[in-house]
Amino acid sequence: MGNKEQVQLINQNGLRVDGRRLDELRPIKLEVGVLNKADGSAYIEHGRNKILAAVFGPREAHPKHIALADRAVVRCRYHMAPFSTDERKSPAPSRRELELSKVIRESLEPSIMSEYFPRSTIDLFIEVLQADAGTRCAGITAASLALADAGIPLRELVAGCAAGKIDGKVVLDLSDVEDKKGDADLPVAYMPKSNSIGLLQMDGSMTEEELKQALDMAINACRTIYEMQRDALRQKYHIERDESEREEIEEVKA
Amino acid sequence: MADVVGNKVIVMPVKGAYIPRIDDIVLGRVTDIGMSGWQVDIYAPYPAMLPASETPMHGRDSVRRDLRSIYGGGDLMIAQVIEFDRTRDPLLTTKGRGLGKVTSGRVARINNTKIPRIIGKKGSMITMLKKETGTDIIPGQNGVILVTGRNPDQELIAVEAIYMIEREAHTTGLTERVKAMILERMKGITVGQ
Amino acid sequence: MSATHQPSPVAKLEQKTVRDLILKGKRIDDRGLLDYRPLTIMLGTVEKANGSAQVYLGKTRILAGVKIQTGTPFEDTPNEGILTVNAEFVPLAYPTFEAGPPGEDSIELARVVDRGIRESKAIDLGKMCIEPGKKVFVIFVDVYVLDHDGNLIDAAGMAALGALISAKMHAFEVKGGEIKYKDTKIPLPMQNYPVPITSVKLDGSVVIDPCLEEEQVMSCRLTVTTDKSGNICAMQKGGLGVFTPEEIKQIVSSSVNKSRELREKILSKVN
């Protein structure tokens, strides 16, 4: 949370600067399988965030000594393009990007059945092309789809969304100005089927009550985003079949 | 595709990495030559090893042969997986009919999960491809396919047909459409038999 | 790139012991599930620094030093001093700590400690301005891990807080854009006292202040930093495991409670 000059983030009608209600998500667009050379990929637009995620693997571990005997090593790089933010960002990885690479990996790794590929690596790349707050959550949403697109066995998809507090009120999915001028930010990554939280961070100031409210709000939004992820996968792998071809395909697989 | 099975959610790969199985026929490329064998890239998460003892040349004569004279770096081969488990890298052999160095032809690389579609029900698809293009086609279980014909144009048509099958694997009436595409393209070339 | 960590060198037998005991509701060092290890804080060990504090939390040992220098302010906060927190996992602290640029663990620790101090507005940075837009005080907090026996974040947060609370700088006067130091010493303008509380999830149980063996067996951890009013100013989940929302809420409650006890302890040291 940075500079806090007095700016009204919620107007008298209870609407936010971009016209949203307190509990409204920004528009989200998802696309799976957008890159040619990566084993799996996905693209997300979440509000004005534009993020590309790609997966290579499972592939041979290089150097060999990083390999684990009983499971795949998952590697993750979160990076922001220099032109992605208001002020040009130096291409060299910042401490923030290093921290985010870690927490993002720790949110996706629990969903990957890495025991299936011992002694190999699964490499995840998240490139933020345009940033408008909530990039780590949107990045996780896209990366999870990229993992599915690569055919890597997953326990389930992971959806990400942040909640926060602006002008003293708990709100969902902060935009950039709300993050900069607001009171608190709470990014969350969630897996609905197993009711598990893989990423949880917070900065700002909130009472225990506000925190619990914000957490519930973010989790609900993650459920919605999860359904969008499943739709995006279904669209990509939509299968047209009539009964005769179906038999042929089934037999061929045997 | 993600699906709920009981209380587990499983994502079934509509495409996925090639995990070797014993007895698989694969096409691979030599990436390194060691003391007693070759390291072979079989386009899997694990590099494969072809020991010199698993080549037909080995032990033929008492003179120690330079491994390089059998396979050099970058050489392509058809091999069979003889060993593989979670604790070590796959082991190959080229002792066997039809196995060994590839010296001619074209290679198509598709996702290994589509190989059954290339073969087709009771081999129907691959038989059609071979007949209509006049080429010999060897599909590796690892998604690498070797096409050999007398005529490079025929080989090219066969390769195009293979990529078409990969793209449209999930659709109906594919065999007929591929056959039609091949016949159309074959009109333009002189066929060598 | 962040990569899955290599397994720790702690023996399998110790790991098994931790797990077996936890199933019986006990811990390897006989503590209660919500008990902290013995905590000792020593202030002013490094006289050349403006402030310093050495924390012993069980066998974990961390030294934090505060240096106050001058610098140019950030463009978007021309009237505020600058806070910067850095952490070093010194190689002598643990067999696998290597010399070199900070790894992701030390960067994470520094940023979590920083968040606690910054978001709670522990230091009134507005009082650290010398000449608006041109010159401000820069407060460097350097966390030096000397011996790693688990829960570095809490020990670091407490050491940083101790060093800041006990720091002294020369009283100063700004005349015509020039800073003039006086002989008397004044403390930093502190107005809040953030304390991080870390809990880990182990085979379904939650324990506070993990020792090293517990950290290496844990599923995941949650750090909750609370300020003097009981408001939460920072949180960080770490590790490859997951929490349910109910577990999170419970941990937040017990952390808010626990932080009061620890804050009192730290503040009593200064006075």
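Which residues does Ile182(B) touch, not counting residues up to four places away in sequence? They are Glu132(B), Thr133(B), Ile157(B) and Ala161(B), where two residues are in contact if their C-beta atoms, placed from the backbone, lie within 7 Å.

This is a predicted model, in which local features need pLDDT of at least 70 and side-chain atom pairs count only at pLDDT 80 or more, while totals for chains, interfaces and linings use all residues. Residues are numbered from 1 along each chain as its sequence is written, and chains are lettered from A and ligands numbered from 1 in the order in which they are written.

**Ile182 and the sheet of chain B**

Ile182(B) has its place in helix 5 (residues 174–186) of chain B; helices (H or I, at least four residues) and strands (E, at least two) are DSSP runs, numbered from the N terminus. Ile182(B) counts as buried because it has 21 C-beta neighbours inside 10 Å, the rule being that a residue is buried if 20 or more other C-beta atoms lie within 10 Å of its own, exposed if 12 or fewer, and partly exposed in between, with C-beta atoms placed from the backbone. From Leu27(B), Ile182(B) is 155 residues apart in sequence and 25 Å apart in space, C-alpha to C-alpha.

Chain B also holds an open sheet of three strands in the order 9-11-10, with antiparallel pairing; two strands pair if DSSP finds at least two bridges between them. Strand 9 (106–109) and strand 10 (136–139) of chain B stand at the edges with a single partner strand each, so one side of each is left without a neighbour in the sheet. From one strand to the next, the twist averages 20°, with axes taken as lines fitted to C-alpha atoms, for helices over the stretch in contact, and angles running from 0 to 180 degrees between N-to-C directions. Strand 9 and strand 11 (residues 144–148) of chain B pair in the antiparallel sense over four bridges, and within this pairing Val147(B) in strand 11 is the bridge partner of Arg106(B). Helix 4 (residues 152–167) of chain B lies across strand 9, strand 10 and strand 11, running at about 5° to strand 9 of chain B.

**Chains A and C as folds**

The elements of chain A run β-β-β-β-α-β-α-β-β-α-β-β-α-α from the N terminus on. The table sets out values for chains A and C.

| Chain | Helices and strands | C-alpha span along principal axes | Buried residues |
|---|---|---|---|
| Chain A | five helices, nine strands | about 65 × 50 × 35 Å | 55% of 254 residues |
| Chain C | five helices, 13 strands | about 70 × 40 × 35 Å | 45% of 271 residues |

For chain A, the radius of gyration of 20 Å agrees with the value near 18 Å that a compact globule of 254 residues would have; for chain C, 20 Å likewise agrees with the value near 18 Å for 271 residues. This radius is taken over C-alpha atoms, and the globule rule is 2.2 Å times the number of residues to the power 0.38. Among contacts between residues at least 6 apart in sequence, 70% join residues at least 24 apart in chain A, and 68% do so in chain C.

**How the chains meet**

Two pairs of chains touch, and the most contacts are between chains A and C, whereas no contact joins chain B and chain C, whose closest C-alpha atoms lie 16 Å apart. The contact between chains A and C takes 32 residues from chain C and 37 residues from chain A. On the side of chain C that touches chain A, strand 1 (2–3), helix 2 (104–119), strand 13 (232–238) and helix 5 (245–270) of chain C each supply at least two residues, and strand 13 gives the most, with seven residues. By class, that side of chain C has 14 nonpolar, 10 polar and eight charged residues, where Ala, Val, Leu, Ile, Met, Phe, Trp, Tyr, Cys and Pro count as nonpolar, Asp, Glu, Lys and Arg as charged, and the others, Gly among them, as polar.

Strand 13 of chain C is joined by four bridges to strand 9 (residues 196–206) of chain A, and the two run antiparallel; Met235(C) in strand 13 stands opposite Met202(A). An open sheet of six strands, with mixed pairing, has the order 1(A)-2(A)-3(A)-5(A)-4(A)-1(C). Strand 1 (28–32) of chain A and strand 1 of chain C stand at its edges, each with a single partner strand, so one side of each is left without a neighbour in the sheet. Strand 1 of chain C pairs with strand 4 (residues 73–80) of chain A in the antiparallel sense over two bridges, and Ala3(C) is the bridge partner of Arg75(A).
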